[in-house]
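Student: I should like to understand how the terms used to describe a protein model are justified. May we go through them one at a time?

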Amino acid sequence: MTAATPKGERRRQALVEAAAGLLVDGGFDAIRHRAVAERAGLPLASTTYYFDSLDDLITAALEHHGKAELAYGKARLDELDPRECGGDAFIELVLDLLLGPPGDGDAEAVLLRYERLVATGRRPYLRPLMRTLSGELHALLFDIFTRAGQPVTRERVEELIALVDGAVVNALIEISPDPRAAARRMLRKSLQPR
């Protein structure tokens, strides 16, 4: 990897951001040297100049995207109104962290997110990064529950993540237009006092 100058750093960053965008839009298979260079508006040779391999570029893209999602979650946590901690705003925050923010094409965005997660398991070189990002996500969710006055154990956070994942996968199998709604129902039901 070469990027010792400010111009080199900017170019390298542009490639990382382009690859991260391709990752979100089309998964790992969308990240190709030519596609990344075109999206970044840089020469094709720049991808191999700044990255030793396509795997290195994919790793940088995944790290960039994962850190951006965590930063988004931390910012949302800072905005969380303590009076809304038991309500829908709290549940939406948890879903935003696990499924991404809601938007147009929500079902397609969620499907791509889960495809990325599953595909990561087939790329051993990504496992250390994914363990790190997953640990940070779990810690952030634990902080959200704590700040919301909903004491949970770290094991309970893992159970809730599994619950959301299961609801989403079932909704995707049923070709539901709104897997987020299925996850919302299950999460809301699981968080109700017993």
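**Reasoning from values to terms**

Tutor: Let us begin with one helix of this predicted model. In α5, the buried residues are F90, I91, E92, L93, V94, L95, D96, L97, L98 and L99.

Student: What makes α5 a mostly covered helix?

Tutor: Ten of the twelve residues of α5 are buried. Those buried residues pack against α4, α6, α7, α8 and α9.

Student: Why is F90 called buried?

Tutor: The term buried requires a relative accessible area under 20%. F90 has a relative accessible area of 0%, so F90 is buried.

Student: How do you know that the span of α5 agrees with what is expected?

Tutor: The expected span is 1.5 Å times one less than the number of residues. For the twelve residues of α5 this gives 16 Å, and the end C-alpha atoms are 15 Å apart, which agrees. After α5 comes G100, whose phi is positive, near 90°.

Student: How many aromatic pairs are there?

Tutor: The count comes to two aromatic pairs. One of them joins Y49 and Y50, with 4.9 Å centre to centre and 90° between the planes.

Student: Why is the pair of Y49 and Y50 called edge-to-face?

Tutor: Ring centres must lie within 6.5 Å to pair, and planes over 60 degrees apart count as edge-to-face. The pair of Y49 and Y50 has 4.9 Å between centres and 90° between planes, and is edge-to-face.

Student: Which term applies to Y49, and which to Y50: buried or partly exposed?

Tutor: Partly exposed lies between the limits of 20% and 50%. Y49 has 48% relative accessibility and therefore counts as partly exposed. Y50 has 6% relative accessibility and therefore counts as buried.

Student: What makes F90 and F145 an edge-to-face pair?

Tutor: The centres of F90 and F145 are 5.1 Å apart and the angle between the planes is 85°, which is edge-to-face. F90 lies in helix α5 (residues 88-99) and F145 in helix α7 (residues 127-147), so this pair ties together parts that are 55 residues apart in sequence. F145 is also buried, with a relative accessible area of 2%.

Student: How do you know that R154 lies over the face of F142?

Tutor: For an arginine, the CZ atom must be within 6 Å of the ring centre and within 35 degrees of the ring normal. R154 lies over the face of F142, at 4.1 Å from the ring centre.

Student: Which residues touch the most other members of the largest nonpolar core?

Tutor: In this core of 52 residues, I31, L99, L141, I144 and V164 touch the most other members. At least two core residues come from each of α1, α4 (54-79), α5, α6 (106-120), α7, α8 (154-173) and α9 (179-191). In soluble globular proteins, nonpolar side chains tend to be buried together.

Student: What is L141 in contact with, beyond its neighbours within four places in sequence?

Tutor: A contact needs heavy atoms within 4.5 Å. Beyond those neighbours, L141 is in contact with V94, L97, L98, V157 and I161.

Student: Why is A18 called buried?

Tutor: A18 has 6% relative accessibility, and therefore counts as buried. A18 lies in helix α1 (residues 6-26). Not counting residues up to four places away in sequence, A18 touches V36, R39 and A40.

Student: Why is P179 called buried?

Tutor: P179 has a relative accessible area of 0%, so P179 is buried. P179 is found in helix α9. Leaving out residues up to four places away in sequence, P179 touches A107, V110, V168, A171 and L172. The C-alpha atoms of P179 and E108 are separated by 9.6 Å, although these residues are 71 residues apart along the chain.

Student: What does the UniProt annotation give for residues 9-69?

Tutor: The unreviewed UniProt entry annotates residues 9-69 as "domain: HTH tetR-type". Over residues 9-69 the chain is 79% helix and 0% strand. The same kind of record carries the annotation "DNA-binding region" for residues 32-51, a span that is 70% helix and 0% strand.

Student: How many helices and strands does the protein have?

Tutor: The protein has nine helices and zero strands. Of its 194 residues, 41% count as buried.

Conventions:
Residues numbered from 1 in each chain as written. Predicted model: local features only at pLDDT ≥ 70, side-chain atom pairs only at ≥ 80, totals over all residues. Heavy atoms only, no water. UniProt positions renumbered as here; feature names shortened; annotations may be inferred. Helix = DSSP H or I, 4+ residues; strand = E, 2+ residues; numbered from the N terminus. Buried < 20%, exposed > 50% of the residue type's maximum accessible area, 1.4 Å probe, protein only. Phe/Tyr/Trp six-rings, centres within 6.5 Å; stacked < 30°, edge-to-face > 60°. Core = buried A, V, L, I, M, F, W, Y, C linked by side-chain atoms within 4.5 Å.
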